[in-house]
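Biologist: Could you walk me through this model and show how each label follows from its value? I would like the reasoning along with the verdicts.

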Amino acid sequence: MNPDEWLIRRSTAGDNAAFGTLVRQHQSKVRGFLRRLTRGNAALADDLAQETFFEAWRKIAQYRAEGSFGGWLCGIAWSRFLMDRRKRKEERLEDADETASFDPGPANAAKLDLERAMARLAVPERAALTLCYALGHSHGEAAAILELPLGTVKSHVLRGREKLQAMLETSP
């Protein structure tokens, strides 16, 4: 039995506490995913995560357990990110230098280099790499979350890894 299954059933029945538990269990992954997508903009990532969980609460009855609950949440987060990105066309996240706002905490230099390199990737590459490597989703799950063909996700992962490798090899 899926560890979230009972909580999902309770949440579907309107149990706020059960949904709160689901949020606590999944919020760090969702926030981390969104933080990478927003190039380290913690405030925007937190806002989008809040919208993600609000939308998940409204749509909890639509969850069909065809993938993991965390994957379903990441799909909502991806959708919220894309909607916000379209809304902010004038400040395009891909063109803005928001990496300066990234605070890795007590992380080592290699992690900071990786985060800076990730921020330079195209959004679909960043999303696919984060889902597959940081969050442990399969390529198939990532394809479902991003609503992209499997081959496209595999290409994003491959190209993203190659770009990261090249950036990290040339960084001082």
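Modeller: Gladly, and let's start with a charged pair. In this predicted model, arginine 80 and glutamate 55 form a salt bridge, with their closest N and O atoms 3.2 Å apart. Arginine 80 belongs to helix H4 and glutamate 55 to helix H3, 25 residues apart, and the pair links distant parts of the chain.

Biologist: What makes arginine 80 and glutamate 55 a salt bridge?

Modeller: The label asks for a side-chain nitrogen of Lys or Arg within 4 Å of a carboxyl oxygen of Asp or Glu. The closest N and O atoms of arginine 80 and glutamate 55 are 3.2 Å apart, so the pair meets the definition.

Biologist: And is glutamate 55 buried or exposed, and how do you know?

Modeller: Buried means under 20% relative accessible area. Glutamate 55 has 9% relative accessibility, so it counts as buried.

Biologist: With which other glutamate does arginine 80 form a salt bridge?

Modeller: With glutamate 51, where the closest N and O atoms are 2.8 Å apart. Arginine 80 is in helix H4 and glutamate 51 in helix H3, so this pair ties together parts that are 29 residues apart in sequence. Glutamate 51 has a relative accessible area of 30%. Partly exposed lies between the 20% and 50% limits, so glutamate 51 is partly exposed.

Biologist: Which residues are linked in a network of salt bridges?

Modeller: Glu51, Glu55, Lys59 and Arg80 are linked that way. The structure holds 10 salt bridges.

Biologist: Now the helices themselves. Why are H3 and H4 called oblique to each other?

Modeller: H3 (residues 42-59) and H4 (residues 69-87) pack at an angle of about 125°, and their axes are 9 Å apart. Roughly perpendicular covers 65 to 115 degrees, and roughly antiparallel starts over 145. The angle of about 125° fits neither range, and H3 and H4 are therefore oblique. H3 passes H4 in a right-handed crossing.

Biologist: Which residues make the contact?

Modeller: From H3 they are Leu44, Leu48, Glu51, Thr52, Phe53, Glu55, Ala56 and Lys59, while H4 brings Trp72, Leu73, Ile76, Ala77, Arg80, Phe81 and Asp84. Sorted by class, the contact of H3 with H4 has nine nonpolar, one polar and five charged residues.

Biologist: How do you know that arginine 159 and glutamate 125 also form a salt bridge?

Modeller: Their side chains meet at 3.7 Å, N to O, and the limit is 4 Å, so the pair qualifies. Arginine 159 sits in helix H8 and glutamate 125 in helix H6 (residues 123-134), 34 residues apart, so to speak a link between distant parts of the chain.

Biologist: Is each partner buried, partly exposed or exposed?

Modeller: Glutamate 125 has a relative accessible area of 4%, so it is buried. Arginine 159, at 38% relative accessibility, counts as partly exposed.

Biologist: Why is leucine 158 called partly exposed?

Modeller: Exposed needs over 50%, and leucine 158 has 45% relative accessibility, so it counts as partly exposed. Leucine 158 lies in helix H8 (residues 150-170). Its C-alpha atom is separated by 9.5 Å from that of alanine 128, 30 residues apart along the chain.

Biologist: And what does the chain hold overall?

Modeller: It has eight helices and zero strands. Buried residues make up 40% of its 172 residues. Among contacts between residues at least 6 apart in sequence, 61% join residues at least 24 apart.

Technical notes
Residues numbered from 1 in each chain as written. Predicted model: local features only at pLDDT ≥ 70, side-chain atom pairs only at ≥ 80, totals over all residues. Heavy atoms only, no water. Axes fitted to C-alpha atoms, helices over the stretch in contact; angles between N-to-C directions. Helix = DSSP H or I, 4+ residues; strand = E, 2+ residues; numbered from the N terminus. Parallel < 35°, antiparallel > 145°, perpendicular 65-115°, else oblique. Left-handed = near helix turned anticlockwise from the far one by under 90°. Contact = heavy atoms within 4.5 Å. Nonpolar A, V, L, I, M, F, W, Y, C, P; charged D, E, K, R; others polar. Buried < 20%, exposed > 50% of the residue type's maximum accessible area, 1.4 Å probe, protein only.
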